[in-house]
Amino acid sequence: MTSTIPTPPPEQRRKLIEVSIPLEKINEQSSREKSLRSGHPSTLHQWWSRKPTSTARAVLFAQIVDDPASRPDLFPTVEEQDAEREELFQIIENISNWDTVKSDPEGWFDKARAKIMLYTDGTPPAVADPFAGGGSIPLEAQRLGLEAHASDVNPVAVLLEKALIEIPPKFAGQPPVHPGAAELLKGQDADTWPGATGLAEDVHWYGEWMLEQAKERIGHLYPEADLGDGTTAPVIAWLWVRTVTCPNPACGIAAPLTSSWWVSKKKGHEAYVVPTVTNGKISYEVHHGKKNGPDKGEDGTINGRTGGACLACGSTITMPYIRSEGTAHRLGQDMIAVVAAGHRKRIYLSPTPSQMVAAEVKAPSNLPTGAIAENPRWFSPPQYGIKNYSDLFTNRQATTLTTLCTLLNVVSRKIHEDTLCEHREGYSAAITTYLAIAISKLTNTCAMTTTWMTDRGAFRETFSRQALPMSWDFAESNPLGEQGASFLENLSKSAASITTLPLGIGAAENISATSAPLAGSVISTDPPYYDYIGYSDLSDFYYVWLRHALRDTYPTLFNKTLSPKLTELVADPYRHGGKKEAKEFFENGFTSFFDHARHHSNKSYPTSVYYAFKQQDSKTKEGSSYTGWETVLEGIIRSGWQITATWPMRTESSGRILARGTNAIASTITLVLRPRPENASTITRRDFLRELKTSLPQALRDLQRGTVSPVDLPQSAIGPGIGLFSKYSGVLEADGHKMGVRSALQVINEILDEVLSEQEGDYDADTRFALSWFRRYGFDNEVYGNADSLARARNTSVEHMHRTGILHSGQGKVHLYSPEELHRMDEESSSPYDPSADDEVSAWETVIHLAKTLEYGDGVEATGRLLARVQDFIDRDLCKQLAFLLFQISEQRGEAKTALLFNQLGTSWNDIARAARETPDYDRRGSLSTDDTLF
């Protein structure tokens, strides 16, 4: 395209992420990603609060490409800019979908890379993540064709980052080398092993070979279960309870400590354990069925907070007594059930002497060492005498894990023998790295902190939450088996994830964020969340095993007994001598990093920062509460940054909590930052308010142009507001002191409410009446007189709105038609609602019928066909704004069901509009030919 309009310099171009993004579509894929398994990078190994890859690549793409309105040299007209923005949205929606990563016949990633080349003038920047953690951000930078630099102070994180972005490109396109690979290669083309598929094939093959070697050495420790009919079945799990000597001297049995005797609550497969005391000893028998199972009040023997009771004599067993016995190393364990693999079901059996004897193994002499952190917030085992990470494993589990680690050396030698190329040493290290990661991941379900889910018949991982808990009953897996938390299962997932990794330039360094080389790079990062997650302490659970397996391969990375703690940017009171000291450490480190980043980041691009702050509100010296969200904003602004956008990303949980007064929500906030000019001026409060009122309406329209859902709009609108606030070196109050972030957020929310209310003035008289009525009465009945007075004030009449179908008036009562009531009326009517046959259609009538069709009709397509029939004198943008406004009013009224309905309409609006445009005979004005049918 040729244009006489000069190209704006890169530093003056607003990026798409600073204007509008298809937020809801990104969040949909982010939520979906939590259920993905085979082949997804997250299945390689666990990491805490890893950012979804869908979110990472969508944010990076929007962070690098320009908003079309900033490129009049390429797109001179508003129409061209809107069309280009819509195309960019479609690219984001598709590349954020994991299905497109696996199969991309339409070439969406090629389109994304082409747009990046277009908007970067053919010289795309490198991406740096100084808090790379689980590696999602640098990995997705590679997938977009960008050079990726990852760094972290945590050795476990760095190893995972190397496995994701650094190792695979070194062996791109290389065929497998294992014995038998030659047969696989016969008659195959040279490109039969694209990407890292050859590496993945070797990882799987050598892993299986190592597993067979382990079975030869210790397979006898995992006997099959006797089913009692002359047949046997592989064991999936052995279920255990911890025991403590009854404090009653007259009893003294090894009292079991269990939260429940049930082992299966699946319908039709119920099973429970019946303990029997005979001559001071307890035996355990599995019974089946639901009828005679333990009642809720009689189930279990311990409550983790208050203590328990002896099964034999009923004596109270207090928690202090259990802790003292644990500290004296006098806690025991009893096997209470065996879970075997049946035909598409679990078989629950009583423990047998042979199964119990097989578990009686001496502890191996080469266990890894390392003390568990003395921090009861995240770690409860030390309170019970479980002081070292090696104490978290049964002797049988420890034997298996050490055997697998020892076999890595055997595998390494075998790979050397099988590999003829000059890079065989590096290739051997690569494969053993992935095998060590599979062993490390195995510990998550191969420890005495792994429990059994009675409702699903499956293992609950040690790190089902971000803490290392004490468990009274635990499930011991069969790591040498073929299912149920086995090494083979982890190996298969690791190999599958390697096949989907992009191959580009990437490197991972073990270095602090304030020392990370950032020059010329686009920064996108996910810093630690204050005191929410103790990454280094938690990762030591894995670190001790990875060090045991890979110390010779990565001597610098694993040169300490445990992972480094003092340089980690976490506000841990146990580490820094108290809450005040921990807070100061975090805030100083946070400010130091952002100061470093401001001086070294690529000035042509904004920086993106993810933050999910979940700290309890703390008290200031003045006694007022101060949220972590405000602390983060204050620190960033104080470091010389302007915040140009804020986007609520649902990356942490499926739940959604919106607290509009404090802007504190459960999901992650993505902050978009630009360095503030050194000579930035100050502004008065009055001028700040005037600028807010001037700029926020357009910013709101830009946001609504994307797929931002109504529920996310208030948080997203904070971006333009706080961007204006942080643009200045200070906003001066009437008394001369600088306005703080808290006051700024309150002002922004007030102006936002004003702007949303002012939008009502753009609507037709009927819609203005309906909005005022809905705000007061919802869809409830109210007296006619109130409606008549309000209608006259809005220059309309109740009778007119009754005729047009907005409301019902009769017997002295008036109520607005709800979408549900309109649906019932449609069902009773012989002809469906048709707006094209009505010459008096209001925005209110349009939106309510669209909400009805979306909720009770055939979804987006039918709703799009209905929108296509709305006459061209109806402003569709105003209708979309009305859906957002109705969500806000419904939420304020506390009507969750109604709010959800309008949130769904606002969220789906762009898809509905797209479906309308694809309706046959739809023209640019939105009209249809008269002979077209509605449904």
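# Exercises on a predicted model

Ser49 lies in the loop that joins H1 and H2. The model is predicted, and the exercises below start from this residue.

## Exercise 1. Two residues with positive phi

Task: State what phi Ser49 has, and decide whether Ser49 is buried or exposed. Then do likewise for Arg344.

Solution.
- Step 1. The phi of Ser49 is positive, near 55°, and Ser49 is not a glycine.
- Step 2. For background, most residues other than glycine have a negative phi.
- Step 3. The relative accessibility of Ser49 is 11%. The cut-off for buried is under 20%, so Ser49 counts as buried.
- Step 4. Arg344 is likewise not a glycine, and has a positive phi of about 60°. Arg344 sits in the loop between strand E13 (332-341) and strand E14 (346-349).
- Step 5. The relative accessibility of Arg344 is 82%. Exposed means over 50%, so Arg344 counts as exposed.

## Exercise 2. Helix H5

Task: Check the length of helix H5 (residues 108-119) against what its residue count predicts. Then find which residues of H5 are buried, and where they lie around the axis.

Solution.
- Step 1. H5 has twelve residues, and the expected span is 1.5 Å times one less than that number. This gives 16 Å.
- Step 2. The end C-alpha atoms of H5 are 17 Å apart, which agrees with the expected span.
- Step 3. The buried residues of H5 are Trp108, Phe109, Ala112, Lys115, Ile116 and Tyr119.
- Step 4. Viewed down the axis of H5, these buried residues fall within an arc of 120°, so they line one face of the helix.
- Step 5. The spacing can be read against a general rule: an α-helix has 3.6 residues a turn, so residues three or four places apart point the same way.
- Step 6. The partners of the buried residues of H5 are helix H2 (53-64), helix H3 (78-95), helix H4 (98-102) and helix H6 (136-143).
- Step 7. After H5 comes Asp121, with a positive phi near 55°.

## Exercise 3. The largest pocket

Task: Give the volume of the largest pocket, and describe its lining by position, by element and by class.

Solution.
- Step 1. The largest pocket holds about 1500 Å³ of space.
- Step 2. The pocket is lined by 43 residues, of which Lys34, Arg37, Gln46, Glu461 and Phe463 are the closest to its centre.
- Step 3. Two or more lining residues come from each of helix H1 (23-33), strand E15 (451-453), strand E16 (458-460) and helix H14 (487-499).
- Step 4. By class, the lining of the largest pocket has twelve nonpolar, 16 polar and 15 charged residues.

## Exercise 4. The cavities

Task: How many cavities of 30 Å³ or more does the structure hold? Describe the lining of the largest cavity and of the second largest cavity.

Solution.
- Step 1. There are two cavities of 30 Å³ or more.
- Step 2. The largest cavity contains about 70 Å³ of space. Eleven residues line it, and those closest to its centre are Pro710, Pro714, Leu756, Phe884 and Gln888.
- Step 3. Helix H20 (713-727), helix H21 (741-758) and helix H28 (876-892) each give two or more residues to this lining. H28 gives the most, with five residues.
- Step 4. The lining of the largest cavity comprises eight nonpolar, one polar and two charged residues.
- Step 5. The second largest cavity contains about 40 Å³. Its lining residues are Gly805, Ile806, Tyr817, Leu822, Trp844, Glu845, Ile848 and His849.
- Step 6. Helix H26 (residues 843-856) supplies the largest share of that lining, four residues. Five residues of the lining are nonpolar, two are polar and one is charged.

## Exercise 5. Two buried residues and their contacts

Task: Which residues beyond four places in sequence touch Ala271, and which are in contact with Leu408?

Solution.
- Step 1. Ala271 belongs to strand E8 (residues 271-278). Its relative accessible area is 0%, so Ala271 is buried.
- Step 2. Ala271 touches Trp262, Val263, Ser264, Val286, His287, His288 and Tyr348.
- Step 3. Gln174 is 97 residues from Ala271 along the chain, and their C-alpha atoms are separated by 51 Å.
- Step 4. Leu408 belongs to helix H12 (residues 395-418). With a relative accessible area of 3%, Leu408 is buried.
- Step 5. Leu408 is in contact with Met210, Thr432, Leu435, Ala436, Ile439 and Ala549.
- Step 6. Between Leu408 and Pro275, 133 residues apart in sequence, the C-alpha to C-alpha distance is 42 Å.

Technical notes
Residues numbered from 1 in each chain as written. Predicted model: local features only at pLDDT ≥ 70, side-chain atom pairs only at ≥ 80, totals over all residues. Heavy atoms only, no water. 1 Å grid on protein atoms, 1.4 Å probe; cavity = no way out; pocket = protein on both sides within 12 Å on 5 of 7 lines; lining within 4 Å. Points joined across faces, edges and corners; volume = space filled by probe spheres on them. Nonpolar A, V, L, I, M, F, W, Y, C, P; charged D, E, K, R; others polar. Buried < 20%, exposed > 50% of the residue type's maximum accessible area, 1.4 Å probe, protein only. Arc of directions from axis to C-beta. Contact = heavy atoms within 4.5 Å.
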